[in-house]
Amino acid sequence: RVLFRSMITQKLLKINPQLQFIGLWLLLMIVLQLFTAICLLREIGLNTFQANLASLLFITPFFLMRFQIHFWLTCHFLILWAIYIFVRFLKYRKLELGKILCLTAFGYLINSYILLISLSIFTVPLIYSFAKDRKLTYEIKRFLGIISTLLISLFLIFDYRASSGTFFEAFIMNFTGVYGQSSLNLNTLINPHIGFDRNCDEYCPISNIDASVINNFSISKLDFGGTTFNYEGFLYLGSGLVFLSILVFFNIRLSKLAIIIRNNSFLFSTMLVYTISILLLGITNHISIGNHLFGFELPKVIRWGLSAFRASPRFSWILVYGFIVFLFFSLSQKYKGKTLNFVLVLTFLFQAIDLSEPIINRFIALRHEVPIGMKLNTIPSTQFENLANKRKVFVLLPTGSRKGFPELSYLAYKNGLSTSLSESSRVNWLRSEEHTSELQSRQ
């Protein structure tokens, strides 16, 4: 549910469905990613040139990977926005409620899933504040109250009328009991191979791995192995950022870092607990290292509780972006002026060379690819026109059915029918089964 794309763009501006505006959406995501990264980098002390150059490294392989699958999950700038607010909290020890409210409202209208990932980082200052004062202070209650009120208000305004199921049905729809199917491979930061083609006899997210699909984000074509569904935990940094990680590791001043941690011991302890929790959520109970998988059973209650996060490795995006910010901060503390500029240019060149071949090959393949048209011949348009005559609304039953979804939506538009057709990752199967049984009983 990307409301800025589907509701505001399509409904309010009355854009013709024949026009392609997904490309415009993706371009906007890149612009916002760069803009937010620049603001964040300026906040940690980089100058304008350095921030502009370093921001390009936030166009990461795992960000670009989403342009091929689940492109509605490309609004990673919301995560950077949350990290920006968190960095300001670390600097000033003050949680800026106004900025968080803007993030919450804007994020809800774009993608509530990414918003949830973004807001999770604010558990750190809340727990820190609670432990410091040993009670729920007025500030914490006020923060939680205002954020909750805003989220409920947004739900009532935009989503309440569209939800027809009961609370129990919504619970069953979101808590499926399936957890651990998607897991984070422990080699993910250095493995450029996505793994769309792993064990395709079991499941393939992209059925046709042609030249236009990037399955490996490196000119080296290295593949350190993986298991099925590891693609959701794809977090390859790129050779530039891997080089930067090694450089920072060997140049970090452990004594200075130890002093900083000692002076802020509880805050860093809270951050460590948050980091480990998000990592464990992504790794799941199916631990994978390369091609090797080690699994263990979770208690049913825990598995059901965690099943709301089916693709839990995505939560690690906030950790990796935070790690990248840490790299640039550490670099800026070690090097200054022209030396820092040189290191950033060298890092960017490594990154650009590494990603150049797969991205160029994708552009070339897409330019020569014949666009996939709607297979309108599968649904006789003349017959549909006759059925649509003197009717105003088109409803597809059973609820949640995806059969013929794009074609039927287009035909409904061509014949002036309003429709509630949509594609959702979460379907109320209890209500769908009821509708199916009702239809079968009428035959």
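Both Glu43 and Arg88 are buried in this predicted model. The two residues form a salt bridge, with 3.3 Å between the closest N and O atoms. Glu43 belongs to helix 2 (residues 22–43) and Arg88 to helix 5 (residues 77–92), so this contact ties together parts 45 residues apart in sequence.

Arg88 has another acidic partner. Its side chain also meets that of Glu96 in a salt bridge, at 2.8 Å from N to O. The relative accessible area of Glu96 is 17%, and this residue is buried. Arg88 has a relative accessibility of 16%. Both values count as buried because the cut-off is under 20%. The contacts of Arg88 belong to a wider network of salt bridges, which links Glu43, Arg88, Lys91, Glu96 and Lys99.

A further salt bridge joins the side chains of Arg314 and Glu232, with an N to O distance of 2.8 Å. This pair links distant parts of the chain, 82 residues apart. Arg314 sits in the loop between helix 14 (300–306) and helix 15 (317–334). Glu232 sits in the loop between helix 10 (167–174) and helix 11 (239–251). Arg314 is buried, at 9% relative accessibility. Glu232 is buried as well, at 4%.

Across the whole structure, the search finds six salt bridges. Among them are Glu43 with Arg88, Glu96 with Arg88, and Arg314 with Glu232.

Note on methods
Residues are numbered from 1 along each chain as its sequence is written. This is a predicted model: local features need pLDDT of at least 70, side-chain atom pairs count only at pLDDT 80 or more; totals for chains, interfaces and linings use all residues. Side-chain values use heavy atoms; hydrogens and water are left out. A salt bridge is a side-chain nitrogen of Lys or Arg within 4 Å of a carboxyl oxygen of Asp or Glu. Helices (H or I, at least four residues) and strands (E, at least two) are DSSP runs, numbered from the N terminus. Buried means under 20% relative accessible area, exposed over 50%, partly exposed in between (1.4 Å probe, protein chains only).
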